[in-house]
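This report describes a pocket and a helix pair. Please look at the sequence and the structure below before reading on.

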Amino acid sequence: MLKLLPPARTLSPVASRTISSSSESLSMLPSKHTDVIQKLLECKTVSQSLKVFRNSYKNPEIYSAIIHIITRDKRYPQATCLMKELIENLRKNKKNRHIASLAFNALQGFESSKFTPGVFDVLIMAFSQMGLVEEACWVYKKTKALPGIQACHSLLHGFVKLGNFDSMWKFYDEMVSRGIASNVVTYGTLINACCKQGDILKACKLFNEMVEKKIDPTVVVYTSVISGLCKEGMITEALDVFGLMEKSGISPNLYTYNVLIDCYCKIENINQALALYSQMQVQNVQPNVVTFSTLIDGLCKAGEFGRARQLFVDMAKFEVIPNIFVYNSLILGYAKAGNISEAFFLCSEMGKVSISPDIFTYGILMKGLCEMARVTEATDLFHKMEKEGIIANIVTYNILIDGYCKVGRLEKALEICSEMTDKGLDPNVITYTSLIDGYCKEKDMEAAMGLYSEMVIKGLVPGVITFTTLIHGQLKAGNLKEASRLQNEMKERGFSPNAFTLSCSVDGWCKDGGAPIKLLKAKRDSKGSQEDRILPNLHNPH
């Protein structure tokens, strides 16, 4: 079993000092402090010391004493908790001072036979776990000694959480140069970092390296590799690793299944995702809210509302409480299918389980109403959302603007746009495209082109949909020359026309009495090409 800290190692110049007698060091503190510390030192057991500490006045010196005492007794988790308390107290009371220095000096100032240098490792772990990695690094440099393996892991993990990968690799290299032997936790952290960086090749290389060193990968390591492969869209390779894990006798955990289920749902292979869900139950792995929300979202996107509803019911069987994401997935599915009444029913059901609709819920319902030309109801819902204290964003405003443009109420759309800008939200490409589409449908191409010019002047880059809308509008208005100019401009900006752009263009040219022309050169199909990299085969640890 891995020991949290080494039992002994060479002390740094800071820690290697002559230990004065307890009475001599305590005499420099106020009497009420010395009384408490003396009581702590006189206790025969750590439990007695903790009891005295909990019932006493507390300051940094007293915290330092109890942390030294329990660290010496190898109660590291408890020591880390108390260290975090000390740090929090210092942060509250000494806001403008260097907290790492204050904590370090408090620990260094404890002079007793119960002094232990392990407290500096605990300090590094506490700072790292609190996200204060800079402070942890300061302590590491101040002690001028490499911390124990667990403190090293805390620092490595802290760098990963902050996304500071350069510092992580630099620190790891220093660990290796100092002769600190990497273990499964070290490799797990490094592999996780590689996957977060998107460097799956390096992750696989590290995996093979640990296997060659006879270090058996854990389910956490396997799952990190599987997750990294899934993020890169390498589902076949991810399944190979999954199979290798099972052959090695490592049972997948909940997170492993959730990663693979999510991957299958993203590539729209919902049947395989459900097969994994069934396998989970056979393996007695309890699904959680992430499992259900991923599957329900995947089923709704596939239009399989019956199965999605059944899974929703199954959540109660597993005592899993639905969250807002589960409800929003179902509401979105029904709204897209045009079943807005069922979407509103689900929204009302949320209140019964004390879940309040969020901005996404309101946006889904508003868009569903707008697509049914029920823009007045969508506006009422918008106002209800604001009364509930939910601040509208650019997305919700764009839904209303687009809704009014689609029903030809352009003045109302512009009114909402003005209201949006008054609240500090600038129109974006979607806003302008909706307004341009509205004016094109009204055959007011002068206004549409005016909006186009305005968005370009503001530095907004029109996309394929914007160009397609304008090209379609110009063709319907019989302005073939302007449509051709827009098409050329779209090409110059590096955009390829979509199927609708081509359809509109061909239709427009045909109506003009001319033969359909070849509008674009054939695009090279890059989707089927493989990346110029080869994933190394992962070694079987057995």
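## The largest pocket

What volume does the largest pocket have? In this predicted model, the volume of the largest pocket is about 510 Å³. The lining is made up of 24 residues, and those closest to the pocket centre are G363, I364, K367, V395 and I399.

Four elements each give two or more residues to this lining: α19 (324-336), α21 (359-371), α23 (394-406) and α25 (429-441). With seven residues, α21 gives the most.

## Character of the lining

By class, the lining of the largest pocket holds ten nonpolar, nine polar and five charged residues. Domain 2 (268-357) and domain 3 (358-427) each supply at least three residues to the lining.

## Helices α17 and α19

Helix α19, which helps to line the pocket, also packs against helix α17 (residues 289-301). Their axes lie 9 Å apart and meet at an angle of about 10 degrees. Angles under 35 degrees count as roughly parallel, so α17 and α19 are roughly parallel to each other.

On the α17 side, the contact is made by V289, S293, I296, D297 and C300. The α19 side contributes F325, V326, S329, L330 and G333. The residues of this contact divide into six nonpolar, three polar and one charged.

Technical notes. Residues are numbered from 1 along each chain as its sequence is written. This is a predicted model: local features need pLDDT of at least 70, side-chain atom pairs count only at pLDDT 80 or more; totals for chains, interfaces and linings use all residues. Side-chain values use heavy atoms; hydrogens and water are left out. On a 1 Å grid over the protein atoms alone, a cavity is a set of points where a 1.4 Å probe fits but cannot get out, and a pocket is an open set with protein on both sides within 12 Å along at least five of seven lines; lining residues have an atom within 4 Å of a point. Grid points are joined across faces, edges and corners, and a volume is the space filled by probe spheres set on the points. Ala, Val, Leu, Ile, Met, Phe, Trp, Tyr, Cys and Pro count as nonpolar, Asp, Glu, Lys and Arg as charged, and the others, Gly among them, as polar. Domain bounds come from an automatic or database domain assignment. Axes are lines fitted to C-alpha atoms, for helices over the stretch in contact, and angles run from 0 to 180 degrees between N-to-C directions. Angles under 35 degrees count as roughly parallel, over 145 as roughly antiparallel, 65 to 115 as roughly perpendicular and the rest as oblique. Contact means heavy atoms within 4.5 Å.
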